[in-house]
Amino acid sequence: MQKPCSFDNQSDFNVKNMNAFERALNAEGLTVSTIHGKGRGLVAAKDFLPGDVIICQEPYASSPSKSSTGSSCDGCFSTTNLRKCSGCRIAWYCGSACQKSEWKLHQLECKALSSLTEDKRKMLTPTIRLMIRLVLRRKLQNDRDMSDLDEKQIVLYAQMSNLVKVVLPSLEVDLREITQNFSKLSCNAHTICDDELRPLGTGLYPVVSIINHSCIPNSVLVFEGQIALVRAVEPIHKGDEVVISYIDTAATTETRQNSLNHYFFKCSCPRCTKNKAFTCQVCGHSRDEYDINRIANEVEKLSAKAASSLATGNLSEACLLYKKLEQLEVNLFHPHSVKLLGTRETLLKVFLELNDWRDALTCCQLTIPVYQRLYQSPHPLLGLQYYTCGKLEWLLEQTEDALKSFTKAVEILRITHGTSTPFMKELFSKLDEARAEHCYKLSAKDD
């Protein structure tokens with residue numbers, strides 16, 4: 001894996017450090033510029049090709065999520081071979097290497113956490129721990145305007161700040177500063193995901209946070225362990241702004257804009273400005289508001305009933321209801337409707353849970369054309385969907401189709417994920433196995 005860039009994660013990126021920061025960026029072929037209507041942004045100072053690593057950075061501070069399967073390592077977020085820190089009994093590590101790499105920070109955190117009562121320990125959410133680590137990291141940067149926050153957010157952040165002060169009583173903690181930092185955290189923290197884009201934790205990446213959003217990104221953010229990698233997914237020329245998507249772009253313009261309210265800006269990328277609320281983003285076909293409301297009313301009841309069955313674990317009933325919902329939406333919506341896509345994605349998960357490989361494959365194949373339309377550049381979600389298709393085709397002994405799907409998955413994921421991770425090595429192995437099996441079947445036919 002590429003060595004993380006030599007950005008000074010210990011600095012506050014203030015005026016004193018800005019020259020060194022800009023020199024480090026320039027060495028990587030990047031520069032920070034003022035972008036009209038956006039503020040600062042990251043701009044390419046050289047050409048990048050699809051698959052090129054633009055940024056490779058370790059987190060300034062990070063914290064694992066609370067996993068549904070239990071705890072995870074503070075160092076690498078692994079969920080296997082875990083042992084608790086013998087001091088605080090809160091942090092977990094998968095081995096001595098991760099414990100040693102975290103010790104400089106954790107020795108300060110450990111003292112604070114060890115003194116907490118059982119009631120206070122239950123209040124330690126991943127976000128609180130991340131803020132504690134951020135405060136401690138700054139001990140061993142600028143301000144957002146608090147007027148941008150509504151009253152409920154300010155109260156919430158203030159309450160969380162008080163808990164940080166309780167955990168760190170020996171430090172002089174400025175509650176207003178911590179409240180402001182929670183505001184910044186909500187906008188600038190990144191969800192750390194595994195190779196299949198499942199969330200593992202949260203991290204602060206100072207350089208990555210400079211990158212602006214677009215619903216038509218030219219780059220993608222992925223992770224290898226806790227290291228963030230921003231890879232180009234299309235040619236980026238010198239002078240182009242580097243942009244990623246902060247949200248899932250497989251949604252209507254209205255939904256995307258609502259999702260971005262969290263970041264206190266309104267996206268004005270071409271995809272958001274050229275489409276109206278009830279205009280298809282693919283073919284331009286428009287429907288009036290009355291028609292849309294009629295459709296929404298028809299599917300609302302069935303959708304709620306299906307979701308309820310799924311939530312209670314009644315998979316068989318949920319499967320039947322989502323099939324009916326899919327048929328209703330097929331008659332009402334455009335084939336590339338994101339609502340129809342959402343129903344099929346849910347159906348795919350249900351079929352997989354029921355080990356119904358054939359229906360799961362049919363459903364997965366129907367989502368591919370929509371993914372191709374929604375994710376215009378090579379995108380990890382499209383690559384992962386091809387990978388899922390390939391695995392299902394392999395299970396159903398559709399060797400030739402599996403070979404095609406694995407090949408397409410590799411073409412995309414080698415750009416977004418690189419080629420050296422265990423995940424990619426497993427994909428290459430499946431591709432080789434499918435290729436060998438296909439060749440064997442062809443030679444057997446000839447004989």
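Q: What makes an open set of grid points a pocket?
A: A pocket is an open set with protein on both sides within 12 Å along at least five of seven lines. In this predicted model, the second largest pocket has a volume of about 830 Å³. Among its 24 lining residues, Glu196, Leu348, Lys349, Gln385 and Thr388 are the closest to its centre. Helix 11 (338-353), helix 12 (357-374) and helix 13 (380-395) each give two or more residues to that lining.

Q: What makes the lining residues of the second largest pocket nonpolar, polar or charged?
A: Residue type decides: Leu, for example, counts as nonpolar, and Glu and Lys as charged. By that rule, the lining divides into 14 nonpolar, four polar and six charged residues.

Q: Why do strand 4 and strand 8 count as paired?
A: Pairing needs at least two bridges, and strand 4 (residues 61-64) has four bridges to strand 8 (residues 199-204), so the two count as an antiparallel pair. Ala61 has Leu204 as its bridge partner in strand 8.

Q: How do you know that strand 7 and strand 8 pair?
A: Strand 7 (residues 189-193) shares five bridges with strand 8, in the antiparallel sense, and the cut-off is at least two. His190 stands opposite Gly203 in strand 8. Five residues lie between the strands of this hairpin, and there Leu197 takes a positive phi near 65°.

Q: How do you know that helix 2 is not straight?
A: Compare the spans: a straight helix of 19 residues would cover 27 Å, but helix 2 (residues 96-114) spans only 20 Å between its end C-alpha atoms. Helix 2 bends by about 70° at Trp103.

Q: Why are residues such as Glu102 in helix 2 called buried?
A: Buried means under 20% relative accessible area; residues of helix 2 in that class include Glu102, Leu105, His106 and Glu109.

Note on methods:
Residues are numbered from 1 along each chain as its sequence is written. This is a predicted model: local features need pLDDT of at least 70, side-chain atom pairs count only at pLDDT 80 or more; totals for chains, interfaces and linings use all residues. Side-chain values use heavy atoms; hydrogens and water are left out. The expected span of a helix is 1.5 Å times one less than its number of residues. The bend at a residue is the angle between axes fitted to the seven residues ending there and the seven starting there. Buried means under 20% relative accessible area, exposed over 50%, partly exposed in between (1.4 Å probe, protein chains only). On a 1 Å grid over the protein atoms alone, a cavity is a set of points where a 1.4 Å probe fits but cannot get out, and a pocket is an open set with protein on both sides within 12 Å along at least five of seven lines; lining residues have an atom within 4 Å of a point. Grid points are joined across faces, edges and corners, and a volume is the space filled by probe spheres set on the points.
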